[in-house]
Amino acid sequence: MSALESRKRPAQTPPVSITSHEAEPSSSPMPSKNKKERPKGSSSDQQLETRNGPDETAGSKKTRRKQLNIKGSDSVTDHLDKIENQNKDYPKEIEEGNSELITIQEEAVMKEEDRRDHVQLQLSSMSTRSGQQQKDFTAAKVKRCLESLLPIPFYEQQEASDYRQNVFPASDKQLPVKSSVTCPNLEFYLNKAPFKPRGLKIDELLSKWKGNYEILEENHNYIQWLFPLRTAGLNRNSYPLTDSEIHKMQSNKEVQKRLISSYELMLDFLGIRLLDSQTGKLERIPDTSGKNSGYISRFRHFERRTHNHLRVTRMLRSLGELGLPHLQAPLVEFLIDQVLDGRLSESVLRSCMHYWLPSVLDDGERERLFQLVQSNSQ
């Protein structure tokens with residue numbers, strides 16, 4: 001029955017309940033007597049107030065549809081129902097996104113654990129390999145490394161040659177003195193002055209910083225003072241060694257003792273321990289559960305943070321300058337052995353061939369170590 005017929009014959013028309021889907025305007029401002037008034041606060045009224053506003057009538061449905069950009073046969077209520085359903089899923093999407101982030105973090109932790117397990121498995125597998133299998137495996141790795149070596153730049157070859165022959169540019173010998181102290185490196189090693197800038201005296205550094213791997217990694221000012229060279233370093237507040245300083249530091253027992261302690265400090269940072277300061281014999285620091293001081297974690301750090309390779313070069317050359325050249329070859333040989341045994345990667349062997357071997361002052365030892373690498377590539 002149409003709405004027009006219902007208005008002509010109100011007596012014969014049963015009362016029609018108005019819902020949110022079928023609200024129609026009335027022709028008279030006065031309510032029909034035949035229409036039953038809905039109790040205030042009914043569910044239908046609440047639905048209309050919630051969705052269309054408390055003062056909105058059914059006559060404004062077209063305007064409402066335009067405002068909401070409703071297309072097709074959907075009613076206002078159906079359209080709003082869809083929006084509500086979408087909004088209900090929104091927190092779920094956020095929750096899924098958070099769980100995905102947590103999953104990524106968990107995967108990162110699992111990868112790190114898997115890497116450690118892989119290292120342990122690799123170390124344990126070395127003991128199960130036969131002698132020939134281990135030899136073939138090592139030879140292939142060393143050969144691959146030697147084949148991938150780039151030619152050493154000429155200036156680096158020249159620098160290593162000048163170091164071995166004690167030949168340095170005149171500009172390095174005649175650097176202007178930046179301090180009233182004539183021998184700043186000697187003063188530092190006599191525990192009379194701190195390293196610069198904002199540093200400690202050497203005794204305090206050796207006692208407080210040993211085992212503090214974070215500060216040894218992040219601080220870049222101390223290394224030029226612990227292991228000075230004739231050439232200037234990146235620290236503008238450090239001083240190149242002079243001939244007079246070298247002679248005084250070589251002959252001073254107190255300085256020599258502290259120099260060995262400095263060497264032990266950096267070896268510990270690398271996961272290595274000095275057993276005999278006369279022979280230079282070394283060993284790996286055993287891994288201890290719950291600590292970051294074992295050789296496995298320190299070796300991995302040494303491989304990732306390759307600027308520490310430069311520190312090893314400085315350390316080797318400074319030992320040669322200051323009267324401890326007998327400690328050079330044992331350290332280089334120890335690092336080569338760790339590569340051959342699979343405990344250190346090929347990147348360490350590349351640094352060895354390019355920088356550390358050329359820094360060994362003893363010609364016989366340098367040639368022997370070179371032959372050691374070559375023999376293990378066949």
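Is helix α13 mostly covered or mostly uncovered, and how many of its 18 residues are buried? The legends below take up that question along with several others, and they describe a predicted model.

**Figure 1. The whole protein, a fold of 18 helices and two strands.** Welcome to the overview, a good place to get your bearings. Of the 378 residues in the protein, 37% count as buried. The accessible surface comes to about 23,100 Å², and 52% of that surface belongs to carbon and sulfur atoms. If we take the contacts between residues at least 6 apart in sequence, 67% of them join residues at least 24 apart.

**Figure 2. Helix α13, residues 253-270, from end to end.** Here is the answer to the opening question: α13 is mostly covered, with 13 of its 18 residues buried. The length of the helix can be checked too. At 1.5 Å a residue, α13 should span 26 Å, and its end C-alpha atoms are indeed 26 Å apart, so the two values agree. Look next at the start of the helix, where a side-chain oxygen of Asn252 comes to within 2.9 Å of the backbone nitrogen of Glu254. Just after the helix, Gly271 takes a positive phi of about 90 degrees.

**Figure 3. A salt bridge between Asp203 and Arg258.** Side chains of opposite charge can pair when their charged atoms come close. In this view, the closest N and O atoms of Asp203 and Arg258 are 2.7 Å apart. The pair links distant parts of the chain, with Asp203 in helix α9 (residues 202-208) and Arg258 in helix α13, 55 residues apart. How accessible is each partner? Asp203 is partly exposed, with a relative accessible area of 33%, whereas Arg258 is buried at 11%. Glu254 belongs in this picture as well: Asp203, Glu254 and Arg258 are linked in a network of salt bridges.

**Figure 4. Arg300 and Glu303, a salt bridge within helix α14.** The structure holds 13 salt bridges, and this view shows one of them, with the closest N and O atoms of Arg300 and Glu303 being 3.1 Å apart. Both residues lie in helix α14 (residues 295-304), three residues apart, which is about one turn of the helix. Arg300 counts as buried at 12% relative accessibility, and Glu303 is also buried, at 16%.

**Figure 5. Asp341 and Arg343 meet through their side chains.** Their salt bridge has an N to O distance of 3.3 Å. Asp341 is partly exposed, with a relative accessibility of 31%. Arg343, on the other hand, is buried, and its relative accessible area is 16%.

**Figure 6. Gln224 and its surroundings in helix α11.** Helix α11 covers residues 223-226, and Gln224 has its place there. Which residues does Gln224 touch, leaving out those up to four places away in sequence? They are Gly233, Leu234, Asn235, Ser238 and Arg314. Gln224 has a relative accessibility of 8%, under the 20% cut-off, so this residue counts as buried.

**Figure 7. Two buried cysteines, Cys183 and Cys352.** Cys183 has a relative accessible area of 6%, and Cys352 has a relative accessibility of 1%. Both values are under 20%, and therefore both residues count as buried. How many disulfides does the structure have? The count comes to zero.

Notes
Residues numbered from 1 in each chain as written. Predicted model: local features only at pLDDT ≥ 70, side-chain atom pairs only at ≥ 80, totals over all residues. Heavy atoms only, no water. Disulfide = S-S within 2.5 Å. Buried < 20%, exposed > 50% of the residue type's maximum accessible area, 1.4 Å probe, protein only. Helix = DSSP H or I, 4+ residues; strand = E, 2+ residues; numbered from the N terminus. Contact = heavy atoms within 4.5 Å. Areas by Shrake-Rupley, 256 points an atom, 1.4 Å probe, with all protein chains shown as cover. Expected span 1.5 Å × (residues − 1). Polar contact = N/O pair within 3.5 Å; in protein donor to acceptor, adjacent residues only side chain to side chain. Salt bridge = Lys/Arg side-chain N within 4 Å of Asp/Glu carboxyl O.
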